[in-house]
Each structure stands twice: as C-alpha cells, then as structure tokens.
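Thanks, everyone. I'll take the ligand, then the sheets. Please bring up the model.

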Amino acid sequence: MTATVTTRVAIIGAGPAGLLLSHLLADAGIESVVIDQRTREEIENTIRAGILEEGTVGVLSSSGASDRVVTAASRHEGIELRFAGEGYRIDFAALVGRAVYLYPQHEVLKDLIRARLAGGQDLRFGVTAQRVEGAGTDRPAVIATDAEGRTLTIEAEFVVGADGSRSVARAAVSGSSTGGYFREYPFAWFGILCEAPPSSEELIYSNSPDGFALISQRSATVQRMYFQCDPDTDPAAYSEEQLWDELQKRVPGTTLAQGPIFQRDVLRFRSFVAHELLKGRVALIGDAAHTVPPTGAKGMNLAVADVVVLEKALRALLLEDDSRPLEAFPEKALHRIWKAQHFSWWMTSMLHVAPDASDFDRRRQLGELRSVVESEHGRAYLAEAYTGWPLEGLT
Ligand code: DHB
C-alpha cells in the first residue's frame, strides 16, 4: 500500500532543528510535514546536553516555541576551568555581558512537540525516511515507510534533512551518506545522571592527569557528570563505586555530593561537516549537516543557528519567489559552523588527555590553559564562543 501527501516543506527529523524550523515556518504561514522514525516517547526521553546560548533561548521564547525555557532554565554567568590543582572562573557576564542557560535538550523537545501539536502540525512519529528524490527539480519528494511498513511519499516544494548524524537526506545533497570533512578522537565521555544535590554552583571543566571530567547539573536534586573514557567502554562495566572514584579523582579540591546513579551512557566524539549543505531544493541542517564533540555544548545551539538562516531563506523562496537567500544559505551557515567546529575541537583538545600524550604534550597543554586563564583576552575569547556569537550576525 502506498500513500502520497503533498505539502510545502517536507522535514525529515523531529529533533530541535526540524521541529523549530516547522514552528517558524508555520508562523510565516508556510505549512510543513515533519516525520521521524522514533516514537514521541523516545524523542522526549533521550538524554542530551543541557546548555543553551542566550541567542537560542531568545529564538525559542520569542517564537512561542517554549515559555518554560525562560521560567524553568537556570542562568549561568560563568564556568570554572580546573587544572593543576587550581580552579579559575571564566566570568561570562563581566567578560562579554552574556550568560548561558541550563535547560536540558529533551525538555526543549517536549516544549516544541507540544507547541507543534497544539498548532495542528502534521507531525508523524514512527515514519522512516528511505530516500529523497528530485533534489534538482521543483518537486522534490521524501520516500518513507510508516510503522506498518507502508510506503509514504511526501511531495513538497522543498525538502529539509534534519535527520541527525545518520542522515538519509545527506546522500541526495552531497552524493554520499558519509561524505564530509571529519575527525575522530581517541576518547569518549562516560555520562551519568544521579540523584544528588549540586556539587558546585557552576559547571566545572576539569583537566587532570587522570583525564577530563565535567561536573554539570540538571536540577536541585539531579546532577549530570561526565568523565573521559576509552571509546570502547561498556557502560555496564563500572560499579557505582568505581564511577564515583573515577569522577572524584579528576576533580581534586571538590568533594562530589554522591547519590544513586540512575542513568549511564558512553558518548563517542566526532567532528564532522558534510561536503555540501544544499542541492537544488534539498538542504541539510543540524547534526545531518555537522557534528561537534560535546565539550562546550555547541550541538543544539548550532542547529538552532542553522534554522534561523534557512527559515529566512525559505520564506524568501516560497513567499516571494526570491532564491538569493537560499543560494547564500550554505556560506552563511558554514561561517558559524566552522567557528563552532574550531571551538569544540579547541575545548576538547585543551582539556582532555590524549592516550598517546607525551610529557611535552602534557606540559604544553598546561601552558595553553594558563595562557587562557591568565589573560583577560584569553578568557574573553572562551566566554564569547561559549555563550555564542550573536545570531544577528547571520542575517
Ligand atoms: C553539558 C554537556 C556539555 O557538553 C557541556 O559542555 C556542558 C554541559 C550537560 O549535559 O549538562
């Protein structure tokens, strides 16, 4: 059995990028269909990063996508870098007059899904995109399979691949599902969620001889923490006591408040940018277009920045028949993407201990960390990138 639906914009992927794009398009009177192979529960319950740039919060709240991002998020005006037994505060507010907000990505997704369904969005879960056809024509289409195995064809004026790092749309844009500029890292993060009070007021990014650790937060009673591990680590291989030992030895000077660990995962590190972001009437955004290692939490923020640029381009194309903003989309988006790629790589390499690091590498790394924390310009560079370059710069 096959079914065909027709819409203006077909969006593959109900993650932050796809949902926010459909929300902004609806505001402009442009209808879209969003599909995702996952169930709503899976999307709403997958644990991801928790840091939103001020610009991201602005877009989510001003568009009506999320009110809770303003009322429920906690504002962080700095972070601590810790190394060689000392902590150094990076004071975002004093250095660049901005802050970041701690609000978990799955909460953003809950808000977006609720807003989209309340707005009458055609949002289909359990529908798997198989391929995108007709990128070079005025009627591109997504060929998908629904949960019962029936074929669904979505004919549109434009197709957006917001379908994550294993994007199906990528093949139609860059000619290959894997083609891109990429870098792998010889380490990963072991992430935990635990029931405990916060161990410090602000996030701690700690470089120690035993490897990196990040002490993050979720709420007054739930904390998120990570420590550097081998990419092949089995999350079940550690006892709770071993996990606390690993974390604690990487943050000397702070006694971690411990509590039951109720979630654990291993996050692999990768930097990736697709060779092409646009072909004819198919574009890639979010993780389909690029992946960053998690240090610095740029992933979702970068997805939102892509959406801001693409949405304006689609409005010009579909409402005014002006294709120039769309032609400029890849270059505009890539400008920020490569800055964020650099920042994520830099934070990662400055703070982690590579398995093959020599004594020279180790001492050079401490020199680099000192160059940053002892210089107002160094701290300001970190603060500017961490809190996010203004979105206005994209317009
Ligand atoms: C979190 C994740 C990050 O990658 C980061 O840099 C800061 C916080 C988090 O999940 O809380």
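Let's start at the ligand, with G296. One of its backbone N or O atoms lies 2.9 Å from an oxygen atom of the ligand. Keep in mind that this is a predicted model.

How much of the ligand does the protein bury? Taken alone, the ligand exposes 290 Å², and the protein buries 99% of that.

Two further polar contacts deserve a look. Y226 uses its side chain: a polar atom there lies 2.5 Å from an oxygen atom of the ligand. P294 uses its backbone: a polar atom there is 2.5 Å from an oxygen atom of the ligand.

Now the whole shell. The ligand is surrounded by 15 residues. The closest are Y205, S216, R218, Y226 and P294. So Y226 and P294, from the contacts just described, are on that list. By character, the shell divides into 9 nonpolar, 4 polar and 2 charged residues.

On to the sheets. A general reminder: strands of a sheet pair through backbone hydrogen bonds, either parallel or antiparallel.

Take the sheet of 3 strands. It is open, the order is β4-β8-β5, and the pairing is antiparallel. Which strands stand at the edges? They are β4, residues 51-53, and β5, residues 74-76. Each has a single partner strand, so one side of each is left without a neighbour in the sheet. From one strand to the next, the twist averages 35 degrees.

Look at one pairing in detail. β5 and β8, residues 100-102, run antiparallel and are joined by 3 bridges. One residue pair to find on screen: H76 has V100 in β8 as its bridge partner.

This sheet also has a helix against it. Helix α3, residues 54-62, lies across β4, β5 and β8. Its direction is at about 80 degrees to β4.

Next, the sheet of 4 strands. This one is open too, in the order β1-β12-β11-β10, and its pairing is mixed. At the edges are β1, residues 2-6, and β10, residues 128-133, each pairing on one side only. Neighbouring strands here are turned against each other by 20 degrees on average, direction ignored.

Again, one pairing in detail. β10 and β11, residues 141-145, run antiparallel, with 5 bridges joining them. Within that pairing, A129 has A144 in β11 as its bridge partner.

To close, back to the ligand: the protein buries 99% of the area the ligand exposes when taken alone. That's my tour. Over to you.

Terms used: Residues are numbered from 1 along each chain as its sequence is written. This is a predicted model: local features need pLDDT of at least 70, side-chain atom pairs count only at pLDDT 80 or more; totals for chains, interfaces and linings use all residues. Side-chain values use heavy atoms; hydrogens and water are left out. A residue is near a molecule or strand if one of its heavy atoms lies within 4 Å of it. A polar contact is a pair of N or O atoms within 3.5 Å; within protein, one must be able to donate a hydrogen and the other to accept it, and residues adjacent in sequence count only if both atoms are side-chain atoms. Accessible areas come from the Shrake-Rupley method with a 1.4 Å probe; for residues, only the protein chains shown count as cover. Ala, Val, Leu, Ile, Met, Phe, Trp, Tyr, Cys and Pro count as nonpolar, Asp, Glu, Lys and Arg as charged, and the others, Gly among them, as polar. Two strands pair if DSSP finds at least two bridges between them. Helices (H or I, at least four residues) and strands (E, at least two) are DSSP runs, numbered from the N terminus. Axes are lines fitted to C-alpha atoms, for helices over the stretch in contact, and angles run from 0 to 180 degrees between N-to-C directions. Contact means heavy atoms within 4.5 Å.
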